[in-house]
Amino acid sequence: MSLHCQPSAADTYHFKHMKQNLYELYRRQGALTTDSRDCPEGSIFFALKGESFDGNKFAASALEKGCAYAVVDDATAVPEGDNRYILVDDVTTALQHLARDHRRQFNIPVVGITGTNGKTTTKELVSRVLAEQMNVLATEGNFNNDIGVPKTLLRINDTHDIAVIEMGASHPGDIRRLVETAEPTCGLITNVGKAHLQGFGSFEGVCRTKGELYDFLRTREDSVVFINSANPHLMAMAQNLTLIDYASSPAEGLYVEGEVISCAPTLTFRWRHAGGEWHRVESQLIGAYNIDNMLAATAVGLYFGIEPENIDHALTTYRPTNNRSQLTLTERNRLVVDAYNANPTSMAAAIDNFRRMEVSPKMVILGQMGELGASSHEEHVRVVEMLDEAQFDEVWLVGSEFAFASNRYRVFENVEEVKQTLKTNSIEGQNILIKGSNFTRLYQLPELL
């Protein structure tokens, strides 16, 4: 592949036919960017649009800074006679088609992962397990949307043995578009629960959207689904598919079986394959609910030939650093930080797990849950009811949706109020659960605790 070619007059006709020639152009140039502030010499600029920005307005600047071409979808952004502009119907769709064309150049397994909760942790665990014996391309961070997935796919090269692609969704059809881009050969839905109800409309809408991964895999003769067979919703959705099952509850003929040994405070569990010998794993993750994520990674690893001792090594050494199920020890307190996201399902699991932890005293700082639409008040009432039942030593709630609970618990309007309180009233000797949606910014609190 020759890199960083500059356009010539001879290119004019070809680039009017984007679908046939954009991938050929990408192979020639070897690099792309979606950020007009970062323009590698000779790269292709994709002028993406969002709610608050229009990349078409920055196409000229990207070309001035070093890009060889700009892919735009606004004809008024194209100067007359400038062959460096590639006009398409929709830039995001063009990027997705480009990524799909690139993915098709490589005959490797592609594992698609989605779910309401645990998909990023599961993606990290699956990647770590596979990396014990394979060269793995995996989604970085949580770049799991209609821009992040194509960018991940475009990183595949001849050295990779397998790709692990995380897929997120907040509206119907989101997963369908992502699977049509990534074309996974196998898939894993961690679970389905109440999240993004404002976008999905209902729990049934969540199931239909997450199930779009299964729908795509049904179109492939060689597809495989890794599934938690103890989840009745997933089992009902996975009809007419080849299943590799795992569960943390006993069942006849399981591919991978596991059980929790302890959570004091990190998860220790054991697993076995097809009724064979037990393997004990002392993980660095908080929460009994993470056993399902661990077993999912184990099942994927075994299916792709990873040796059991290497699976144990990967699961034991994985340490979360992304505010998910993360144990943080400070000079004054011990923190369970799960402040990246929150929805009714994950909030219930976190509260229940913290209630079961054999530590004392216990304090919780919970942030408001977002994107619940008309169900928001009802779901926050349920959270408070769970707190009443758990009887923690101290409870702080953050966000206006918790205002009704002010007579029972201390309620703060936002994280800034919490930070001001912590600066003047030091908290010491506590075991503290910090859980909330990302927009509440509770991830700012550990440094003050």
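A salt bridge here is a side-chain nitrogen of Lys or Arg within 4 Å of a carboxyl oxygen of Asp or Glu. Glu-379 and Arg-382 make one such pair, with their closest N and O atoms 3.4 Å apart, and the structure holds 22 salt bridges. Please keep in mind that this is a predicted model, in which local features need pLDDT of at least 70, side-chain atom pairs count only at pLDDT 80 or more, and totals for chains, interfaces and linings use all residues. Residues are numbered from 1 along each chain as its sequence is written, and side-chain values use heavy atoms, with hydrogens and water left out.

**Salt bridges**

- Glu-379 and Arg-382 are 3 residues apart in helix H14 (residues 376–390), so about one helical turn separates them; helices (H or I, at least four residues) and strands (E, at least two) are DSSP runs, numbered from the N terminus.
- Glu-379 is buried at 5% relative accessibility, whereas Arg-382 is partly exposed at 35%; buried means under 20% relative accessible area, exposed over 50%, and partly exposed in between (1.4 Å probe, protein chains only).
- Elsewhere, Lys-123, Glu-124 and Glu-166 are joined into one network by salt bridges that share partners.
- Within that network, Lys-123 pairs with Glu-124 at 2.6 Å between the closest N and O atoms, and Lys-123 is buried with a relative accessible area of 0%.
- Asp-35 and Arg-37 also meet through their side chains, at 3.0 Å from N to O.
- Of these two, Asp-35 is partly exposed at 25% relative accessibility, while Arg-37 is exposed at 71%.

**Around Thr-114**

- Thr-114 belongs to strand E5 (residues 110–114) and is buried, with a relative accessible area of 0%.
- Leaving aside residues up to four places away in sequence, Thr-114 touches Lys-119, Met-167, Ile-175, Leu-188, Ile-189, Thr-190, Lys-210 and Leu-213; contact means heavy atoms within 4.5 Å.

**The second largest pocket**

- The second largest pocket has a volume of about 430 Å³, a volume being the space filled by probe spheres set on grid points joined across faces, edges and corners.
- The pocket is lined by 17 residues, and those closest to its centre are Leu-48, Lys-49, Gly-50, Phe-53 and Ile-147.
- On a 1 Å grid over the protein atoms alone, a pocket is an open set of points where a 1.4 Å probe fits, with protein on both sides within 12 Å along at least five of seven lines, and lining residues have an atom within 4 Å of a point.
- By class, the lining has 5 nonpolar, 7 polar and 5 charged residues; Ala, Val, Leu, Ile, Met, Phe, Trp, Tyr, Cys and Pro count as nonpolar, Asp, Glu, Lys and Arg as charged, and the others, Gly among them, as polar.
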